[in-house]
Amino acid sequence: MRMGLYFMILTVAAGGALWFRNIISTLAFIAWIALEIPASWLVGTIAWYVIHMASSGFIHVLTSAGGTPPEYGFSEQQAMVMQGRIDDAIQSYRRYIDDHPGEIEGRIRLGLLLADGRRDEAGAEESLLEARILGPGPQQESIISNALIDLHTAAGRPEALRAELARFVQRYPGSTAAAHASERLRTLEPQAGAGQPQTE
């Protein structure tokens, strides 16, 4: 749009210069403006679009063929899961992780698949904890925490569950999710004196 405006200004300025030097008449100058303004706006807009698309394509070529590779989307593994090929997807995740030791997202996805697809709590926990050690982002860390809470709940590990809930509360203070975790943590606290022998 700006380039269309620039073309329009240049066109009017050119016509004004011709009229000022008596090269064209006043009537011709008026006709010049009436005809050239829409045309210059259209030409400028088209030029801007062409330049924009060309530059976008050039940047895409640089990022796809040069410095920054596109992010791996795990579409192959997702397709395997959709087809019911859970074991193939697990092996594919593991091969990818072996080839990319610093991979975080792949470990999270593998952990979730082991937990939901194979009920392999130990393997799922191992993969999720490995992802946590590698320094995940905030969203990834939230997924890891919630997945571990679900794992400890399903496995009936109250001590591990309490530790994970406490960690969640400490990491996300003041949030609604932390308030829920804190409430759940209180329900898991052992009752005072429980298991203690009574004295007469």
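Of the 200 residues of the protein, 26% count as buried. The model is a predicted one. Its secondary structure comes to 9 helices and 0 strands, so that the order of elements from the N terminus reads α-α-α-α-α-α-α-α-α. The accessible surface amounts to about 13,400 Å², and carbon and sulfur atoms account for 61% of that area. Among contacts between residues at least 6 apart in sequence, 44% join residues that are at least 24 apart.

Helix 7 is a useful place to begin. This helix covers residues 138-155, and at 1.5 Å a residue its 18 residues should span 26 Å; the C-alpha atoms at its ends are 26 Å apart, which agrees. Which residues of helix 7 are buried? They are Glu-141, Ile-144, Ser-145, Ala-147, Leu-148, Ile-149, Leu-151 and His-152. Several helices receive them: the buried residues of helix 7 pack against helix 5 (105-117), helix 6 (121-133), helix 8 (158-171) and helix 9 (176-188). Just after helix 7 comes Gly-156, with a positive phi of about 70 degrees.

Glu-141, one of the buried residues of helix 7, also takes part in a network of salt bridges that links it with Arg-132, Glu-164 and Arg-167. By the residue ranges of the helices, Arg-132 falls in helix 6 and both Glu-164 and Arg-167 fall in helix 8. The structure holds 10 salt bridges, and a few others can be followed one at a time.

Arg-157 and Glu-125 meet through their side chains in a salt bridge, at 3.4 Å from N to O. Arg-157 lies in the loop between helix 7 and helix 8, while Glu-125 lies in helix 6, so the pair ties together parts that are 32 residues apart in sequence. Both partners are partly exposed: Arg-157 has a relative accessible area of 28%, and Glu-125 has a relative accessibility of 22%.

Other pairs sit within a single helix. An α-helix has 3.6 residues a turn, so residues three or four places apart point the same way. In helix 8, Arg-162 and Glu-159 are 3 residues apart, about one turn of the helix. The two form a salt bridge in which the closest N and O atoms are 2.2 Å apart. Are the two partners buried or exposed? Arg-162 is buried, with a relative accessible area of 15%, whereas Glu-159 counts as exposed at 55%.

In helix 5, Glu-105 and Arg-109 are 4 residues apart, again about one turn. Their side chains meet in a salt bridge at 3.2 Å, N to O. Glu-105 is partly exposed, with a relative accessible area of 23%, and Arg-109 is partly exposed as well, at 24%.

Both of these residues come up again around Glu-103, which lies in the loop between helix 4 (86-99) and helix 5. Which side chain of opposite charge is nearest to Glu-103, and how far away is it? The nearest is that of Arg-109, at 6.8 Å; Glu-103 is buried yet has no salt bridge. A salt bridge requires a side-chain nitrogen of Lys or Arg within 4 Å of a carboxyl oxygen of Asp or Glu, so at 6.8 Å Arg-109 does not qualify as a partner of Glu-103. The side chain of Glu-103 does reach the backbone nitrogen of Glu-105, at 3.1 Å. Leaving aside neighbours within four places in sequence, Glu-103 is in contact with Phe-74, Tyr-96 and Leu-134.

Phe-74, one of those contacts of Glu-103, lies in the loop between helix 2 (26-65) and helix 3 (75-82). Phe-74 has a phi near 60 degrees, a positive value in a residue other than glycine. A second such case is Arg-119, where phi is near 50 degrees. Arg-119 is found in the loop between helix 5 and helix 6. Where the two part ways is in their accessibility: Phe-74 counts as buried, at 2%, while Arg-119 counts as exposed, at 56%.

Notes
Residues numbered from 1 in each chain as written. Predicted model: local features only at pLDDT ≥ 70, side-chain atom pairs only at ≥ 80, totals over all residues. Heavy atoms only, no water. Helix = DSSP H or I, 4+ residues; strand = E, 2+ residues; numbered from the N terminus. Expected span 1.5 Å × (residues − 1). Buried < 20%, exposed > 50% of the residue type's maximum accessible area, 1.4 Å probe, protein only. Contact = heavy atoms within 4.5 Å. Lys, Arg positive; Asp, Glu negative; His and termini not counted. Polar contact = N/O pair within 3.5 Å; in protein donor to acceptor, adjacent residues only side chain to side chain. Areas by Shrake-Rupley, 256 points an atom, 1.4 Å probe, with all protein chains shown as cover.
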